[in-house]
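Dear colleague,

I am handing over the structure we spoke about, and I would be glad if you could open it beside this message. My notes on what was found in it come after the display.

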Amino acid sequence: APRSGRRRSTPARTRLSLARDVHDSVVQFLAGATFRVEAIIRSARSAQVKLDLQELKRLLIEEQGEIRSFMLALRRDRELELTEAVEELKALARRLGKQWSIDCSVAASSDSASVPIKLQLDLQQLLREAVANAVKHGGANRVDVDVDVDGERLRMQVADNGSGFIPANGAPIEPWSLKERVDRARGSLSLYSEPGRTNIVITLPLNGVA
């Protein structure tokens, strides 16, 4: 076989990347769903349980719809206006807030830019992972996100009120799941953490090139 045939084609690499992203998305959602179900079991004393389970079912259905929408957008290989991208992040924040039983909000400091669909998928996964980390490891009940664009770079700041990351040699431990995804997107991550406050700033290139 020709040498080029032995290498993974660009479409194949894209499909593998998409598969990884969808897998990560499902894993995080199931973790949140398990967290919610365990809370319901511990407090199951009334008909409220039925209402909570119905809400959980609704979240599952919405998640399926989001995955279908992303698949369609990836096939079309389109870009989003920043306002549209932020609205999608706000919708995700509302679902994550219900999923994890916390307050989760998204705001934008900019209103003009084009966001590639792959970058938007990265932003959504980063938001999922940041919220999961804040709740599971920091016990946070509030996460605030701000999105801004400066030239060819997009910045996402994630602040939570959790217990912070355990210091190692006097420096906070970087959340490896976030760092790995940011590195793949050729971005950078900075972290400030102390008891009661964690602030993560993620910077990503809009064009996918650092």
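What follows goes from the whole chain to the packing of its helices and then to a few single residues.

Please keep in mind throughout that this is a predicted model. The protein has 210 residues, of which 41% count as buried, and its secondary structure consists of six helices and nine strands. Its exposed surface comes to about 11800 Å², with carbon and sulfur atoms supplying 53% of that area. If one takes the contacts between residues at least 6 apart in sequence, 70% of them join residues at least 24 apart.

I looked at two helix pairs, and α5 takes part in both of them. Two packed helices are described by the angle between their axes and the distance between the axes.

The first pair to look at is α4 with α5. Helix α4 covers residues 82-100 and helix α5 covers residues 117-136; their axes come within 11 Å and cross at roughly 25°. An angle under 35 degrees counts as roughly parallel, and therefore α4 is described as roughly parallel to α5. The crossing in which α4 passes α5 is right-handed. On the α4 side the contact is formed by A85, E88, L89, L92, A93, L96 and W100, and these meet Q120, L123, Q124, L127, R128, V131, A132, V135 and K136 on the α5 side. Sorted by class, this contact of α4 with α5 holds eleven nonpolar, two polar and three charged residues.

The second pair is α5 with α6, where α6 spans 176-184. Here the axes come within 9 Å and cross at roughly 165°, and because angles over 145 degrees count as roughly antiparallel, α5 and α6 are described as roughly antiparallel to each other. The crossing of α5 and α6 is left-handed. From α5 the contact takes D122, Q125, L126, E129, A130 and N133, while α6 contributes S177, L178, R181 and V182. By class, the contact of α5 with α6 is made up of four nonpolar, three polar and three charged residues.

Some single residues may also deserve your attention as you go through the model. K118 sits in helix α5 and has a relative accessibility of 32%, so it counts as partly exposed. K118 and A185 are 67 residues apart in sequence, yet their C-alpha atoms are 9.4 Å apart in space.

S188 belongs to strand β8, which runs over residues 188-194, and with a relative accessibility of 39% S188 likewise counts as partly exposed. Leaving aside residues up to four places away in sequence, S188 touches V182, V201, I202 and T203. For one of these, V201, the separation from S188 is 13 residues in sequence and 8.2 Å in space, C-alpha to C-alpha. V182 also appears in the contact of α5 with α6 described above.

Which residues other than glycine have a positive phi? One is S101, with a phi near 60°; S101 lies in the loop between α4 and β2, the latter being 103-108, and at 54% relative accessibility S101 counts as exposed. Another is R186, whose positive phi is about 60° although R186 is not a glycine, and R186 is found in the loop between α6 and β8.

With kind regards

Note on methods:
Residues are numbered from 1 along each chain as its sequence is written. This is a predicted model: local features need pLDDT of at least 70, side-chain atom pairs count only at pLDDT 80 or more; totals for chains, interfaces and linings use all residues. Side-chain values use heavy atoms; hydrogens and water are left out. Helices (H or I, at least four residues) and strands (E, at least two) are DSSP runs, numbered from the N terminus. Buried means under 20% relative accessible area, exposed over 50%, partly exposed in between (1.4 Å probe, protein chains only). Contact means heavy atoms within 4.5 Å. Accessible areas come from the Shrake-Rupley method with a 1.4 Å probe; for residues, only the protein chains shown count as cover. Axes are lines fitted to C-alpha atoms, for helices over the stretch in contact, and angles run from 0 to 180 degrees between N-to-C directions. Angles under 35 degrees count as roughly parallel, over 145 as roughly antiparallel, 65 to 115 as roughly perpendicular and the rest as oblique. A crossing is left-handed if the near helix is turned anticlockwise from the far one by less than a right angle, and right-handed if clockwise. Ala, Val, Leu, Ile, Met, Phe, Trp, Tyr, Cys and Pro count as nonpolar, Asp, Glu, Lys and Arg as charged, and the others, Gly among them, as polar.
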